[in-house]
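I'm opening a fresh page for this one. I want to look at the ligand first, then follow whatever turns up next to it.

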Amino acid sequence: MDRFLIHGGTPLEGAILVSGSKNSALPAIAACLLTGETVTLDRVPQVRDIRTMLDLIRHTGAEVSQEEGRVTIQAREIAHPEAPYDLVKTMRASSLVLGPLVARCGVARVSLPGGCAIGARPINLHVSALEHLGAELRQEHGYIEARAPGGLRGAEIHFDRITVTGTEDVLMAAVLANGETVIDNAAREPEVVDLARLLVAMGASIDGAGSSTIRVRGAAKLSGTRGAAHSIIADRIETGTFLIAGALTRGDLLITDCDPGHLRALIAKLHQAGAEVTEPSPDSLRVRAPRKLSSVDITTEEHPGFATELQAQFMALMTAAEGISFITETIFENRFMHAQELARMGANIRIEGRQALVAGPTPLSGAQVIASDLRASASLVLAGLAAHGETVIDRVYHIDRGYEKIEAKLAGAGARIRRLS
Ligand code: EPZ
């Protein structure tokens, strides 16, 4: 198992380039199952979750080719409309194929994901939305089996709770349903908008993506991307991780090829904490921070609120801020696993239910720590970069799920970080 060895205390300086979004590329790859024609995607990050999703697509019988960030998929025939347990257990986003498979094939078999480190994460909302579209679903032997032999039909769907992949799953099903679908209380994340942009390029008719009501007029067939390629948006969570890294190490970091508009909530909190964040161009951000940072409270929310995927990294930053910051996690019930590891590095954190109280500033010192999930690992890398002495992070396979070449990118900005294989 790979580990990271970090010698902390060096400010990050220079420029760092952002990759394509993992959480946008995952549904985009699933969307390729909606057509027999070729779909070409650009700027697909080369991370482990994407490899898993491509394995899943190959498993259905589709042809997949990949060259650097370009992925070409043709699902001419779908021989196996199923997502087996072995793939789903390593990546919950596999449930994104449920909607496209039942819409295209009239049948789908997708393993239930089971629990994960950050919470229970059920898919009941995906299931009930697909039932509204006329699919019959039943659960057997750990699998969801969906059937819609006569095809799906448009319907009004109201999500009781905002779900990102649930919105994406049902959006992909609705584009091939007969008639109009209205998705109410839809997720407004930029990844949903990017998926809608791809589906429209494939011939779908969709209005309102990015708002909480999405209207879809179903079509009998979708096409491929027809000579053009769909370029995946910049990874806003990777961007945010680097912004926080720049502030925490008191560096001067230019982050390029990103979309500042997707990070307004984080940028506002960084300003409140005393960091200087500017936009030298429409697709770049520059971050600098004074020695003295102030504590800031955050509450995670659906987009455009403060992203839960940046909570762990912000907690690392707050260990360096003066005062007590209240960090409230409202999306997932168990997303504080990093707190104990940060405490081993010298942080003063108390967890009370869904709230973490961080009292700072506490100087961090390098230690041996264990990564427990994707974003928790990112927060430990950031803490290691700021700590004095040596930090060894175990189980970095978690970080490899979602950050492309993170150690090379950070090393390019002056970090002393090395992978131990
Ligand atoms: C997506 O997960 C992202 N994953 C997550 O990013 C992100 O943290 C999360 O949205 C929240 O923004 C991908 O896009 C691949 P949800 P998703 O359905 O869609 C509950 C990362 O770090 N819920 O929006 O699985 C659920 O338990 C990852 O990159 C139900 O109760 O999250 C949670 O409390 C991790 N029933 C809340 O809704 C359902 O059927 C929001 O979850 C579905 C969800």
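Entry 1. I started with the polar contacts: a side-chain N or O atom of Arg-335 sits 2.9 Å from an oxygen atom of the ligand. I'm keeping in mind that this is a predicted model. Asn-23 also has a side-chain N or O atom by a ligand oxygen, at 3.1 Å. For Glu-309, I noted 3.5 Å between a polar side-chain atom and an oxygen atom of the ligand.

Entry 2. How much of the ligand's accessible area does the protein cover? I looked it up: the ligand on its own has 830 Å², and the protein covers 89% of that.

Entry 3. Next I checked who lines the site. There are 22 residues around the ligand, and the ones that come nearest are Leu-125, Thr-163, Thr-165, Ile-331 and Arg-375. By type, I got 10 nonpolar, 6 polar and 6 charged residues in this shell. Four helices each give the shell at least two residues: H1 (22-31), H5 (124-132), H6 (164-174) and H12 (374-386).

Entry 4. I picked H12 for a longer look. Its 13 residues span 19 Å from first C-alpha to last, close to the expected 18 Å. Is H12 mostly covered or mostly open? Mostly covered, I found, with 12 of the 13 residues buried. Among the buried ones I wrote down Arg-375, Ser-377, Ser-379 and Gly-384.

Entry 5. Last, I looked at the N-terminal end of H12, which Asp-373 caps. A side-chain oxygen of Asp-373 is 3.1 Å from the backbone nitrogen of Arg-375. I had already listed Arg-375 with the residues nearest the ligand.

Key:
Residues numbered from 1 in each chain as written. Predicted model: local features only at pLDDT ≥ 70, side-chain atom pairs only at ≥ 80, totals over all residues. Heavy atoms only, no water. Near = heavy atom within 4 Å. Polar contact = N/O pair within 3.5 Å; in protein donor to acceptor, adjacent residues only side chain to side chain. Areas by Shrake-Rupley, 256 points an atom, 1.4 Å probe, with all protein chains shown as cover. Nonpolar A, V, L, I, M, F, W, Y, C, P; charged D, E, K, R; others polar. Expected span 1.5 Å × (residues − 1). Buried < 20%, exposed > 50% of the residue type's maximum accessible area, 1.4 Å probe, protein only.
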